[in-house]
Each structure stands twice: as C-alpha cells, then as structure tokens.
Amino acid sequence: MPNVEEVKKGLWDAERKLLHHLREVRRQERHKRPADREQLTPGQRIADQVAATMGSWSFIIIQTTILFIWIVLNVTAYVREWDPYPFILLNLALSFQAAYAAPFIMMSQNRQQDIDRKEAENDYRINIKAELEIELLHEKIELLHHKFDQLREKEVASLAETVQELADPKRPPEKAD
C-alpha cells in the first residue's frame, strides 16, 4: 500500500504536467489569429445579419408600423379593401416571413452556441490553470512558514541558552592544586 507522501508526490507531478500543458496551449492560442468576420462563409454572414436585423428594435418598430398601416387601410377601406377583416393576406405574409427567418436565426444561434462552447472550454482550462497556480503558491507559502518556524525555533533556543547563561550565578574560577 503506497504511503501518503508517494500519493501526494504523484498527484503533485500530475498537476505540474497539467499546468505545463495548459501553459503551452495558452502560448499557442496567443499566436493564433482570432476568428475574424472574413473567415465566415457567406451563409453565416447572411444568417448573422438577418438575426441581427430581426432582433433589433428598429425592425420591431418598422414592422409594427407597417402592420398598423395595413390594418387601418383595410378597415377604413381608404384604398379599396385588398385584404378584408380576417387579414388572410397579412397572415400569409407574416407566415412566409417567419418560415424564412426561423432557419436563418437558428443557424446564427447554432454558430453562436459553438463560439460560446469554445469560450466556456477555454474558461474552464484557465480556471484549472489558476487553481493549480494558487495551489503552487500555497505550497510555497507553507514552505516559507515551515522555514520561518525552524528559524524561530533556533532563535528561541539560542535566546533560552543566553538567558540561562545570564541567570546562572557566576562560578568562581577553580583553583589549581
């Protein structure tokens, strides 16, 4: 059965190897070029643009205005009712818009999900590295505390000897016969 020190040394070596590996990965990632907009395919750029446009307040306001005008013109019959009350043509147009917008938005969300997952993995690696670095710092601090304790013990022993020497009454020198 291995003793505790051997297990600790094995774990410590494994942590050092992992820390070294994480440092190397981080150095390699620093030299990589970040994902630029130019690296996106045309489909990805279109999906992002559609999602950004349809998820904006300006789109919502413009669409609401168009729908309001559409309904008012048809209800008041200002321009010959081209889409009477149940607004079937309006429903068809909105269904058509939703049918084509949904896949674009889903493509953009899936791509963003992949980016987020990679960032989460990177954050996890950074957290592990930070944890290992902190553990190494704790070990160094414990070593320093141990050395200080040893020095303190030596100093206390030295002071105790000095006090003992000062506290003993002086003995008269021994006479030679």
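**Salt bridges and helix packing in an all-helical chain**

R152 and D149 are joined by a salt bridge whose closest N and O atoms lie 2.9 Å apart; the term denotes a side-chain nitrogen of Lys or Arg within 4 Å of a carboxyl oxygen of Asp or Glu. Both residues belong to helix α4, where they are three residues apart, about one turn of the helix. D149 is partly exposed, because its relative accessible area is 35% (buried means under 20%, exposed over 50%, and partly exposed in between, with a 1.4 Å probe and protein chains only).

The model is predicted, so local features need pLDDT of at least 70 and side-chain atom pairs count only at pLDDT 80 or more, whereas totals for chains, interfaces and linings use all residues. Residues are numbered from 1 along each chain as its sequence is written, and side-chain values use heavy atoms, with hydrogens and water left out.

The protein chain contains four helices and zero strands, in the order α-α-α-α along the sequence. These elements are DSSP runs numbered from the N terminus (helices: H or I, at least four residues; strands: E, at least two). Of the 177 residues of the chain, 10% count as buried. Among contacts between residues at least 6 apart in sequence, 62% join residues at least 24 apart, a contact being heavy atoms within 4.5 Å.

Helix α4 covers residues 88–167. Its 80 residues should span 118 Å at 1.5 Å a residue, and the 110 Å between its end C-alpha atoms agrees with this; the expected span is 1.5 Å times one less than the number of residues. A kink of about 25° occurs at A101, shortly before the proline P103, the bend being the angle between axes fitted to the seven residues ending at a position and the seven starting there. Among the buried residues of α4 are L90, S108 and R111.

The structure holds three salt bridges in total. A second pair within α4 consists of R117 and D114, with closest N and O atoms 2.8 Å apart. These two residues are also three residues apart, about one turn of the helix. R117 is partly exposed at 44% relative accessibility, as is D114 at 34%. An α-helix has 3.6 residues a turn, so residues three or four places apart point the same way.

The remaining pair, D48 and R111, has its closest N and O atoms 2.0 Å apart. D48 lies in helix α2 (residues 42–54) and R111 in helix α4, so the salt bridge ties together parts that are 63 residues apart in sequence. D48 is buried at 11% relative accessibility, and R111 is buried at 17%. S108 of α4 touches D48 as well, together with A47 and A51, not counting residues up to four places away in sequence. S108 is itself buried, with a relative accessible area of 12%.

Helix α3 (residues 57–76) includes L67, which is partly exposed at 22%. Leaving aside neighbours within four places in sequence, L67 is in contact with L90 and L94. The C-alpha atoms of L67 and L94 are separated by 9.7 Å, although the residues are 27 apart along the chain. In the loop between α3 and α4 stands F87, which has a positive phi of about 55° although it is not a glycine. F87 is buried, with a relative accessible area of 11%.
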